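The report that follows accompanies a single protein chain and its ligand, and is meant to be read with the sequence and coordinates at hand. It begins with a backbone detail and then widens to the ligand shell and the overall fold.

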Amino acid sequence: MHHVIIGNGIAGSHAAQVLRERNPDGKITIISAGALLFYNRYDLPDVFRGRCDWIDYLVHPPAYYKENKIKLRRKSLVTEVDTNKRTLTLAHREVMSYDQLLVATGGAAYVPERLLEFIPLMHNFNNFRVAMEMRDALPDGGTVVMLGGDALGLDLARTLVETKHRVVLVAGDRTFWPHEVNPETRPRYMQALEKMHFEVIDGKQVDRVEQKNGKGPARRVVFDDGSDLPADVVMPFYGLSPSIDFMSNAGIDIERGVLVNPQLQTTRDDIWAAGDVCQIWSPEHNAYRFFYGWKNVKMMGEVAARNMTGDDVAFTTALDEVLQIQPDGTITSPFWDYD
Ligand SMILES: Cc1cc2nc3c(=O)[nH]c(=O)nc-3n(C[C@H](O)[C@H](O)[C@H](O)COP(=O)(O)OP(=O)(O)OC[C@H]3O[C@@H](n4cnc5c(N)ncnc54)[C@H](O)[C@@H]3O)c2cc1C
């Protein structure tokens, strides 16, 4: 049995571990577009606390993969899946066959269409390399303008403030994503952001991001009313968009993410999906839903691996998804808890 897992984030890596525990002799291959072994992305804001060696972020020691007979193919982008032949194609045209496939490719930062042309002027923070680039671009005490302000961005913003940087949040309808905040309670949450020492701009639309030359901040955010804001770094935090391009011709059902039943099986018997890439059927909501957060994603890796090896268990969320306002007036998200 050759289990192939696409993605070495939490979902894919935890699934590999459970598959190995349950099937000591099966062949397990993880394919990852990234260059690094599985590392803890939740801790990446620590690059601002001087933790700048990627080795410090590894979840398992490098020997783990050999000891557990898990083959990890790094820098390998899957571009296509042929579900009839049970093969997948990598960007360098290598074709690999699988008996069972787990899609755990997570998501990438979503950027609204009207801002796509400004991506080269914005920084991202979703892997170690780009986190270090962003850190290098930000002078001590410098200004970060966060567009959107999803829960991932707010988590980073907390560290930036603690490490004496200035955070300006341009709020909009994706602020707090994936939490849902209704219009009545929104003002309380916006106040809480200010309590956390973020400067908040609300009710303005970004028109463009510009590069500035010469001395001073490298960027300028221009709003639709003509006002502008200098920034050392501009970052989009509008939530995630599932990484599914390579599945578009695979013949499995996809809405925004890969659709799976509560057992995390797709519309093909030999393909499962777990983590930020999948939308799970929720009988409670009578809809396919995304479930975010470290605990949920890890649980999905476990559920998929168990079902791939003969169990019949359903995913149930491990998290209360409500954004909390603490007694000191600041916000905490259950998505920020991990161990
Ligand atoms: C800085 C930072 C802080 C965060 N903080 C929090 C937090 O506090 N709380 C929280 O809930 N979430 C947080 N997140 C989000 C969290 O990391 C994700 O929800 C979680 O990692 C999802 O896990 P996953 O395994 O589904 O996918 P990912 O961790 O995104 O892993 C996907 C993997 O798939 C690979 N991949 C993608 N496409 C392909 C392809 N075509 N071919 C081959 N490989 C591919 C990628 O290289 C990657 O290895 C944070 C993210 C970042 C970047």
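In this predicted model, Asn286 sits in the loop that connects strand S19 (278-282) with strand S20 (287-289). Its phi is positive, about 55°, although the residue is not a glycine, and Asn286 counts as exposed because 8 other C-beta atoms lie within 10 Å. Lys75, in the loop between strand S3 (70-73) and strand S4 (78-82), also has a positive phi without being a glycine, with a value near 50°. With 13 C-beta neighbours inside 10 Å, however, Lys75 is classed as partly exposed. Such cases deserve a remark because most residues other than glycine have a negative phi, and most peptide bonds are trans. A cis peptide bond, with omega near 0°, runs from Trp177 to Pro178, and Pro178 belongs to the loop between strand S10 (166-171) and helix H5 (186-195).

The two positive phi values and the omega value are set out below.

| Site | Backbone angle |
|---|---|
| Lys75 | phi near 50° |
| Asn286 | phi about 55° |
| Trp177 to Pro178 | omega near 0° |

Thr87 is part of strand S5 (residues 87-90), and its 15 C-beta neighbours inside 10 Å make it partly exposed. Apart from neighbours within four places in sequence, Thr87 is in contact with Asp82, Val95, Met96 and Ser97, while the C-alpha atoms of Thr87 and Tyr98, eleven residues apart in sequence, are separated by 6.0 Å.

Turning to the ligand, 35 residues surround it, and those that come nearest are Gly7, Gly9, Ala11, Gly106 and Gly275. Helix H1 (10-22), helix H4 (151-162) and helix H6 (294-308) are the elements that each contribute two or more residues to this shell. Which classes of residue make up the shell around the ligand? The shell has 20 nonpolar, twelve polar and three charged residues, and at least three residues come from each of domain 1 (2-106 + 243-308) and domain 2 (109-240).

At the level of the whole chain, there are six helices and 22 strands, and the C-alpha trace spans about 60 × 45 × 35 Å along its principal axes. The radius of gyration is 21 Å, which agrees with the value near 20 Å expected for a compact globule of 339 residues. Buried residues account for 38% of the 339 residues, and of the contacts between residues at least 6 apart in sequence, 63% join residues at least 24 apart.

Methods
Residues are numbered from 1 along each chain as its sequence is written. This is a predicted model: local features need pLDDT of at least 70, side-chain atom pairs count only at pLDDT 80 or more; totals for chains, interfaces and linings use all residues. Helices (H or I, at least four residues) and strands (E, at least two) are DSSP runs, numbered from the N terminus. The radius of gyration is taken over C-alpha atoms; the globule rule is 2.2 Å times the number of residues to the power 0.38. A residue is buried if 20 or more other C-beta atoms lie within 10 Å of its own, exposed if 12 or fewer, and partly exposed in between; C-beta atoms are placed from the backbone. Two residues are in contact if their C-beta atoms, placed from the backbone, lie within 7 Å. A residue is near a molecule or strand if its C-beta atom, placed from the backbone, lies within 6 Å of it. Ala, Val, Leu, Ile, Met, Phe, Trp, Tyr, Cys and Pro count as nonpolar, Asp, Glu, Lys and Arg as charged, and the others, Gly among them, as polar. Domain bounds come from an automatic or database domain assignment.
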